[in-house]
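Subject: A structure for you to look through

Hi there,

Here is the structure I promised to pass on. Have it open beside this email while you read, and take your time with each part.

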Amino acid sequence: MIPVGVIIGALLALVVLLRARYQLSFKARLREALRRKEFHMVYQPVMDLRTNRCVGAEALIRWSPPDEPPVSPAVFIPEAESHGLIKQVTAQVMEMVARDSVALLTAYPDTHIAINFSAEDLHSPQMEGQLATLLQHAGAQSRNILIEATERGLMQPDKAKGRLVSVRAQGFKVAIDDFGTGSSSLSYLATYDLDLLKIDKMFVDSFEQNSSTSKVALHIIEIARTLGLEMIAEGVETERQRDTLRAAGVQYAQGWLFARPMSMGDLMGFMRASNDV
Ligand code: C2E
Ligand code: CA
Ligand code: CA
Ligand code: CA
């Protein structure tokens with residue numbers, strides 16, 4: 001008889017081995033995807049709650065490996081971050097956004113495109129050069145570009161602050177993404193001068209009940225208003241959520257209630273329908 005401890009030990013070793021192999025192959029697959037350019041972008045409309053018009057869109061990456069189901073960015077972005085590949089992903093995002101945006105910004109020069117930046121992007125000395133190239137290739141103005149920084153990206157002000165001050169001075173807009181989900185959100189408002197705050201879906205969801213989370217959300221909105229920050233609420237799915245946000249003074253929102261992320265071609269149609277009323 002083989003002792004149970006030995007069997008468990010062997011199984012554990014197998015799990016560790018399989019995980020290491022999975023990690024290795026995931027990294028290799030990501031590398032290959034970058035080389036073969038298997039990514040594309042979709043764009044989710046951002047609505048002005050006062051006018052019901054579309055004022056811009058958030059660029060969201062999609063990965064569809066050939067002969068395989070699509071992989072969610074919620075899965076592969078953290079993997080790219082931990083394997084040191086995120087800067088390459090962001091470089092391709094900037095290229096794709098530049099290419100996609102030309103027609104949109106020609107037809108609607110006042111709209112914005114929001115791009116997600118990871119911590120490493122915000123700390124990278126290449127970031128400003130990439131933004132300049134993006135403007136050139138998209139025929140865009142700096143005010144057309146909204147940089148979405150997560151709280152993780154803002155965690156080291158010594159690395160991120162100078163760069164964000166500089167890009168804001170050039171006219172780019174900067175938003176703090178997923179606001180309220182980190183542990184010291186409020187302190188970032190004091191550390192950084194920002195333009196916008198994105199209210200996380202968790203708070204938006206809370207407006208379905210009168211929970212303590214919804215009370216916290218209303219206080220956050222109040223603080224942001226006091227500081228003169230504009231707000232975009234994320235993940236708005238119901239009319240009740242929209243109405244609560246509007247009543248609280250939140251001007252912008254995105255979510256399935258208005259539109260799902262879509263191709264740039266479809267966004268052009270959406271813009272036309274929402275603006276030519
Ligand atoms: P995020 O930046 O917070 O993006 C919002 C996510 O919420 C998107 O998921 C969007 O499709 C989803 N969403 C929008 N409206 C609704 C709604 O009404 N209901 C629900 N349930 N979901 C909604 P997605 O596209 O899967 O992206 C997930 C995360 O992956 C993003 O969260 C962001 O952190 C990251 N990500 C996506 N694209 C990029 C990118 O190009 N670069 C980087 N660095 N990260 C990205
Ligand atoms: Ca975002
Ligand atoms: Ca977000
Ligand atoms: Ca999020």
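Is Asp177 buried or exposed? Asp177 counts as buried, because its relative accessibility is 5% and the cut-off for buried is under 20%. Before we go on, please keep in mind that this is a predicted model.

**The two calcium ions**

Asp177 is a good place to start, since this residue bridges the calcium ion (ligand 2) and the calcium ion (ligand 3), which lie 3.8 Å apart.

Take ligand 2 to begin with. This calcium ion is coordinated by Glu58 (OE), Asn116 (OD1), Glu148 (OE) and Asp177 (OD), at 2.2 to 2.3 Å. Along the chain, the spacing of these donor residues is E-x57-N-x31-E-x28-D. Glu58 belongs to strand E2 (residues 53–63) and Asn116 to strand E3 (residues 112–117), so the pair ties together parts that are 58 residues apart in sequence. Glu58 counts as buried, with a relative accessibility of 5%, whereas Asn116, at 30%, counts as partly exposed.

Now for ligand 3. Its protein donors are Asp177 (OD), Asp178 (OD) and Glu234, the last of which is listed with two OE entries, and they lie 2.2 to 2.5 Å from the ion. The donor residues of ligand 3 follow the spacing D-D-x55-E in sequence. Asp178 has a relative accessibility of 26%, so this residue counts as partly exposed.

**The barrel**

Next, look at the strands. 8 of them close into a barrel, in the order E1-E2-E3-E4-E5-E6-E7-E8, and the pairing is mixed.

How many residues of strand E4 (residues 145–149) are buried? The count is 5 of its 5 residues, and the strand is mostly covered. Ile145, Ile147 and Ala149 point one way from E4, while Leu146 and Glu148 point the other way. This matches a general pattern: in a regular strand the side chains alternate between the two faces of the sheet.

E4 has strand partners that you can trace in the model. E3 and E4 run parallel and are joined by 5 bridges. In that pairing, Asn116 has Glu148 as its bridge partner in E4, and Ile113 has Ile145. You have met Asn116 and Glu148 already, as both coordinate the calcium ion (ligand 2). E4 also pairs with strand E5 (residues 173–179) in the parallel sense, over 4 bridges. There, the partner of Ala149 in E5 is Ile176.

**Ligand 1**

Which residues are closest to ligand 1? They are Gln44, Ile61, Arg62, Glu237 and Trp256, and 22 residues surround the ligand. A polar side-chain atom of Glu237 lies 2.5 Å from a nitrogen atom of ligand 1. A nitrogen atom of the ligand is also 3.1 Å from a polar backbone atom of Ile61. Asn116 turns up again here, with an N or O atom of its side chain 3.2 Å from an oxygen atom of ligand 1. On its own, ligand 1 has 810 Å² of accessible area, and the protein covers 81% of that.

**Two glutamines worth a visit**

Gln44 lies in strand E1 (residues 39–48). Its relative accessibility is 9%, so Gln44 counts as buried. Gln44 and Glu58 are 14 residues apart in sequence, and their C-alpha atoms are 5.2 Å apart in space. The side chains of Gln44 and Gln254 are joined by a polar contact of 2.9 Å. A polar atom of the Gln44 side chain also lies 3.0 Å from the backbone oxygen of Ala259. Beyond four places in sequence, Gln44 touches a number of other residues, including Gly56, Leu60, Trp256 and Pro261.

Gln251 sits in the loop between helix H11 (239–248) and strand E8 (252–253). With a relative accessible area of 16%, Gln251 is buried. Its side chain makes a polar contact of 3.2 Å with that of Asp48. Setting aside neighbours within four places in sequence, Gln251 is in contact with residues that include Met47, Leu49, Arg50, Glu230 and Met231.

Happy exploring, and do write back with any questions!

Best wishes

Methods
Residues numbered from 1 in each chain as written. Chains lettered and ligands numbered in written order. Predicted model: local features only at pLDDT ≥ 70, side-chain atom pairs only at ≥ 80, totals over all residues. Heavy atoms only, no water. Donors = N, O, S within 2.8 Å, 3.2 Å for Na, K, Ca; no water. Helix = DSSP H or I, 4+ residues; strand = E, 2+ residues; numbered from the N terminus. Buried < 20%, exposed > 50% of the residue type's maximum accessible area, 1.4 Å probe, protein only. Pairing = 2+ DSSP bridges. Near = heavy atom within 4 Å. Polar contact = N/O pair within 3.5 Å; in protein donor to acceptor, adjacent residues only side chain to side chain. Areas by Shrake-Rupley, 256 points an atom, 1.4 Å probe, with all protein chains shown as cover. Contact = heavy atoms within 4.5 Å.
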